[in-house]
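Student: Before we begin, could we go through this model by way of its internal spaces, its aromatic contacts and its strands?

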Amino acid sequence: MKRISLLCLVAAISCMVLTSCKGQNKNLEQTATATSPMKLPAVNAPEINTQYGWLNTDKSYSIKDFRGKILLLDFWTFGCINCQHIIPDLKKLEQEYAKELVVVGVHSAKFESEKTNTNIRKAILKFGVEHPVVNDADYKVWQEYGVKAWPTVVLISPDGKVVGQHAGEGVYKPVKQNIELLLKQYDDKINREPIVFKLEKSKEANTFLKFPSKMVNDEAGNIWFADSGNNRVLKINSDGKVLEIIGKGSEGFGDGDFSSATFYEPHGLALKGNTLYIADTKNNSIRKADLTTKKVETVAGDGEMGYYFFNDKWDVPVKPNSPWDLLIDGEVMYIANAGNHQVLKMDLATNKVTRFAGTGREALANGSLKESAFNQPSGLTKIGDILYVADSEASAVRAIDLKKQTVATPLGKGLFDFGDKDGDVDGALLQHCVGVTAKDGKIYIADTYNGKIKTLDLKNERVSTLVAGLNEPNDILFIDNQMWISDTNNHQLVKVDLKNSEKKVVEVSL
């Protein structure tokens, strides 16, 4: 079947664009136009079943199995922050139209690591996806529907006709509008008997930790880390004994004492004196935990995603957008603002958050702070006057010269240049690196989708693998002669003895 041409429901806020499924790609594009919903010529919806199988359900489906339902296809890839951003919109639609609507995720992967059912299953659990997902590893479904960007949703009528397509974020309002039109048009032809799917979470083993993420240590050698899947922050000693818990453990956005405060997938942490700053990622906010009074308060962000591009909103307060990591330098805290592809800074005296580097365009562009562009920055570290950034979607390490106010790229080439290759920086490749930590003139990299810890020797300009066999490591921390690693998808922390390279799982317990 030829690709079909579909009318957009409305324009994208932001998305990552592919011109072809064979590797000819464009960088992220921003659009700001809109079109009114219009009736399309009758086009039969192409098949969605694939040879790679289904997840979040116990059976395979064909497009005809959803006749009588309004069907929404979500084309996504799990490492894409913009794809993650629309999950709450999809959940809201699923709840409001539980009898009439079925959502099916079509996972058309960017990275090689994203193509396996095992890793897609982990992502489903991590992000709380509650609808079936078909693995479209070879882009066949993507091509049949003429999709060009992550994320893209396609709406299909109860009689199996394509209604329209929307690329980018902000899907709730346009999709809801078109669902209401379909409800009026088809009315008694709609099957209102809910379809129950056997979700992956029903098969998941219970573990004490759930997708642990970023870490920091205090002067006493204790470790604070984000237990992101449990929506809390833990403090442990070097043996893994839990000394403090911040957060009730349920998803939410509530301040208060440590036992009642709620978070939504926290990641980055930064410690200054008796204050622990927390990047509350999916709440698009910075929270502050007072370790003396044991109270949590929100100091930046209101839950809404902040968007600003190019020359917009410099030197004025902005909202964080999926902040992923934090780093304190004196009275300034830098924020890896993954959701809007920038680095922000926060004045710790005033809690004012402003833009620092990046246009907001998703690209690998060097130059001045205002000319540079990033790709979902997710990790921060610092050596002297250089702030290093894990630029995850470009599988790159970026370097911000704080004195010269410029951005360079010591490792990495672009959005679609990735792999698993050591050696000279000119040829070395990473795959969606999420964490960076500096030590002794080297940058230690959580090469997340390769399941490795690699080192970037800045002096010799070489990359080498130090630790392998991990499952989406997120962060690295050094304490004395131990290297701590958040082995995220294995739901554990690991420490490696730097003297003999012995690797040991930390038994975290109350």
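Student: Which residues line the second largest cavity?

Tutor: This is a predicted model, and in it the second largest cavity has a volume of about 40 Å³. By class, its lining divides into 5 nonpolar, 2 polar and 2 charged residues. The residues that line this second largest cavity are Ile-63, Phe-66, Arg-67, Lys-69, Leu-71, Ile-156, Ser-157, Pro-158 and Gly-160.

Student: Which residues form one aromatic cluster with Phe-66?

Tutor: Phe-66 has just appeared in the lining of the second largest cavity, and the structure as a whole holds 12 aromatic pairs. One of these pairs joins Tyr-61 and Phe-197 edge-to-face, at 5.7 Å centre to centre and with 80 degrees between the planes. Both rings of that pair belong to the cluster of Phe-66, whose other members are Trp-54, Tyr-61 and Phe-197.

Student: How many residues apart are Tyr-61 and Phe-197?

Tutor: Tyr-61 sits in the loop between β3 (54-55) and β4 (70-76), whereas Phe-197 sits in the loop between α5 (172-186) and β10 (212-217). The pair therefore links distant parts of the chain, and the separation between its two residues is 136 residues.

Student: Are Tyr-61 and Phe-197 buried or exposed?

Tutor: A residue counts as buried when its relative accessible area is under 20%. Tyr-61 has 8% relative accessibility, and Phe-197 has a relative accessible area of 14%. Because each value falls under that limit, Tyr-61 and Phe-197 are both buried.

Student: What is the angle between the planes of Tyr-139 and Trp-142?

Tutor: Tyr-139 and Trp-142 are both buried, and their rings lie 5.4 Å apart, centre to centre. Planes over 60 degrees apart count as edge-to-face. The pair of Tyr-139 and Trp-142 is edge-to-face, with an angle between the planes of 85 degrees.

Student: Which lysine lies over the face of Phe-478?

Tutor: The model offers a lysine over a ring at Tyr-172, where Lys-92 lies over the face at 4.3 Å from the ring centre. For Phe-478, the distance from the ring centre is 5.4 Å, and the residue over its face is Lys-439.

Student: What is the bridge partner of Phe-478 in β34?

Tutor: Strand β33 (residues 473-479) is mostly covered, with 7 of its 7 residues buried. It pairs with strand β34 (residues 482-487) in the antiparallel sense over 5 bridges. The two strands form a hairpin with 2 residues between them, and Asp-480 in the turn has a positive phi of about 55 degrees. Within β34, the bridge partner of Phe-478 is Met-483.

Student: Which strands are the edge strands of the open sheet of 5 strands?

Tutor: The order in this open sheet is β28-β32-β31-β30-β29, with antiparallel pairing. Inside that order, 5 bridges join β31 (residues 452-457) to β32 (residues 462-467), and in β32 the bridge partner of Asp-457 is Arg-462. The edge strands, each of which pairs on one side only, are β28 (423-424) and β29 (435-439).

Student: Which element gives the largest share of the lining of the largest cavity?

Tutor: About 250 Å³ of space lies in the largest cavity, which is lined by 27 residues, with Lys-126, Phe-127, Trp-324, Glu-472 and Asn-474 nearest its centre. The elements that give two or more residues to this lining are α3, β10 and β33. The largest share, 5 residues, comes from α3.

Student: How many charged residues are in the lining of the largest pocket?

Tutor: The largest pocket has a volume of about 560 Å³, and 31 residues line it, among them Leu-125, Lys-126 and Gly-128, which are listed with those nearest its centre. Two elements, α2 (87-96) and α3 (117-127), give two or more residues to this lining, and α3 gives the most, with 4 residues. By class, the lining of the largest pocket has 10 nonpolar and 11 polar residues, and its number of charged residues is 10.

Technical notes. Residues numbered from 1 in each chain as written. Predicted model: local features only at pLDDT ≥ 70, side-chain atom pairs only at ≥ 80, totals over all residues. Heavy atoms only, no water. Buried < 20%, exposed > 50% of the residue type's maximum accessible area, 1.4 Å probe, protein only. Pairing = 2+ DSSP bridges. Phe/Tyr/Trp six-rings, centres within 6.5 Å; stacked < 30°, edge-to-face > 60°. Lys NZ or Arg CZ within 6 Å of the ring centre and 35° of its normal. 1 Å grid on protein atoms, 1.4 Å probe; cavity = no way out; pocket = protein on both sides within 12 Å on 5 of 7 lines; lining within 4 Å. Points joined across faces, edges and corners; volume = space filled by probe spheres on them. Nonpolar A, V, L, I, M, F, W, Y, C, P; charged D, E, K, R; others polar.
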